[in-house]
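Morning, everyone. Please bring up the structure, and then we'll walk through a few parts of it.

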Amino acid sequence: MVKVKCLNPISPYGMDLLTENYQVVEELENAQAVLVRSASMHDLSLPEGLSCVARAGAGVNNIPLDKCAEAGVVVFNTPGANANGVKELVVAGLMLASRDLVGGMRWISENRDDENINKTMEKAKKAFAGKEAMGKKLGVIGLGAIGVLVANAGASLGMEVYGCDPYLSVEHALSLSRSVHLVKTNEEIFRECDYITVHVPLMDTTKHMINAETIGQMKDGVIILNFARDLLVNDDDMGTALASGKVAKYVTDFPNAKTANMEGVIAFPHLGASTEESEDNCARMAVQEIMDYMENGNIHNSVNYPDCDAGSCNTRSRLTICHKNIPNMLSQFTAAFSEEGVNIENLVNKSRGEYAYTVMDASVEPSEAALEKISKIDGVLRARLVK
């Protein structure tokens with residue numbers, strides 16, 4: 001029986017997938033698997049028996065990834081499950097920035113007591129005149145699950161779309177509209193585009209990627225959209241650019257005390273994935289990731305260990321090992337089996353940075369002594385007998 005702890009309410013659309021082999025528990029200390037959305041895990045003690053954590057969403061800043069990796073705890077997220085919800089909000093943000101709908105609605109609210117509003121608005125509306133998106137250039141930085149959908153939506157609106165992603169996957173490339181111009185550098189997007197939207201993860205190399213220098217390369221009156229992470233944009237530099245008119249509008253799903261008070265900012269309270277459909281999709285994917293890992297030892301969409309698929313666990317015995325990515329590990333694993341005369345029928349090994357993951361299928365179940373020997377090998381973080 002696999003014990004699962006939910007740190008946040010998780011959609012029944014996902015929870016209903018759990019079979020009788022799973023039990024939802026109240027206490028974290030008893031959990032072998034954790035499902036989480038927004039709850040912070042940084043100050044929590046990881047249970048000794050915890051094998052995996054699945055975040056029902058894309059961002060994992062609420063999870064101590066290094067701490068989990070060192071404990072042999074695989075952390076999953078659900079990339080793409082909320083992509084359509086975010087895409088639709090990006091399109092809405094683009095429209096709000098192009099046509100001063102916010103200003104127009106504010107005027108209506110402020111003048112709602114005017115008995116002749118139907119007439120006075122005809123004179124007032126010129127203050128809220130905007131521009132059409134059709135024919136304008138849209139730059140999409142980052143062509144992952146969300147970026148591809150945004151690029152395709154822009155093309156459907158009749159925009160000339162430029163996309164940049166040095167790590168563009170085959171899967172996402174095949175999903176991308178053929179009308180999208182792929183460019184090699186962000187600088188090309190900065191120079192050419194009337195609208196720029198960023199869809200990249202927050203890393204040391206992307207932090208404050210929108211700053212005074214990069215904004216200086218952009219067209220006057222550019223519209224910038226940020227539905228990825230707040231720290232991709234330098235707030236002080238954005239404030240200066242908005243005040244000067246260099247940036248016409250800044251649309252963000254991550255307002256803070258600075259940006260919420262800036263003129264020219266259109267902000268949403270982190271609504272990107274806040275749809276019933278997104279929450280259902282994220283829950284479903286997160287539960288499926290946990291079940292596949294606990295039942296088969298397979299890793300899909302991990303953020304701290306390499307993806308690894310050894311197929312269904314149909315053999316008599318399967319051992320999975322989370323370990324450091326250092327030399328001579330595999331030879332030590334196989335030696336422990338061969339000393340007992342256990343034949344390895346299938347072996348899969350994958351690595352990612354400092355960490356690696358090994359799956360070994362055997363014809364017979366290894367003894368407790370063999371498992372103990374493997375567990376004590378220097379560099380082994382967790383060894384688990386799946387079946």
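Let's start with residues 318–387. The C-alpha atoms at the two ends of this span lie 5 Å apart. By content, the span is 26% helix and 43% strand. Keep in mind that this is a predicted model. Does the span have a name on record? The unreviewed UniProt entry annotates residues 318–387 as "domain: ACT".

Now two helices. How do we describe a pair like that? Two packed helices are described by the angle between their axes and the distance between the axes.

Take α12, residues 329–338, and α13, residues 368–375. Their axes come within 9 Å. They cross at roughly 165 degrees. Angles over 145 degrees count as roughly antiparallel, and therefore α12 and α13 are roughly antiparallel to each other. The crossing of α12 and α13 is right-handed.

Next pair: α3 and α6. Here the axes are 9 Å apart, and the packing angle is about 45 degrees. Which word fits α3 and α6? Roughly parallel needs an angle under 35 degrees, and roughly perpendicular runs from 65 to 115. So α3 and α6 are oblique to each other. As for handedness, α3 passes α6 in a right-handed crossing.

Hold on to α3 and α6, please. We need them for the next topic, empty space. Rolling a probe the size of a water molecule over the atoms shows where empty space is left.

How many cavities of 30 Å³ or more are there? The count is one. The largest cavity holds about 30 Å³ of space. Which helices help to line it? Both α3 (83–98) and α6 (145–156) supply at least two residues each. The full lining is Val90, Val91, Leu94, Leu138, Val150, Ala153, Gly154 and Leu157. Sort those residues by class, and you get seven nonpolar, one polar and no charged.

Last stop: the second largest pocket. Its volume is about 260 Å³. The lining has 13 residues. Nearest the centre of this pocket lie Val102, Arg106, Glu263, Gly264 and Val265. Helix α4 (101–110) and strand β12 (265–267) each give at least two residues to the lining. What about the classes? This pocket's lining has six nonpolar, three polar and four charged residues. Set that beside the largest cavity, whose lining has no charged residues.

That's the tour. Questions, please.

How values were computed: Residues numbered from 1 in each chain as written. Predicted model: local features only at pLDDT ≥ 70, side-chain atom pairs only at ≥ 80, totals over all residues. Heavy atoms only, no water. 1 Å grid on protein atoms, 1.4 Å probe; cavity = no way out; pocket = protein on both sides within 12 Å on 5 of 7 lines; lining within 4 Å. Points joined across faces, edges and corners; volume = space filled by probe spheres on them. Helix = DSSP H or I, 4+ residues; strand = E, 2+ residues; numbered from the N terminus. Nonpolar A, V, L, I, M, F, W, Y, C, P; charged D, E, K, R; others polar. UniProt positions renumbered as here; feature names shortened; annotations may be inferred. Axes fitted to C-alpha atoms, helices over the stretch in contact; angles between N-to-C directions. Left-handed = near helix turned anticlockwise from the far one by under 90°.
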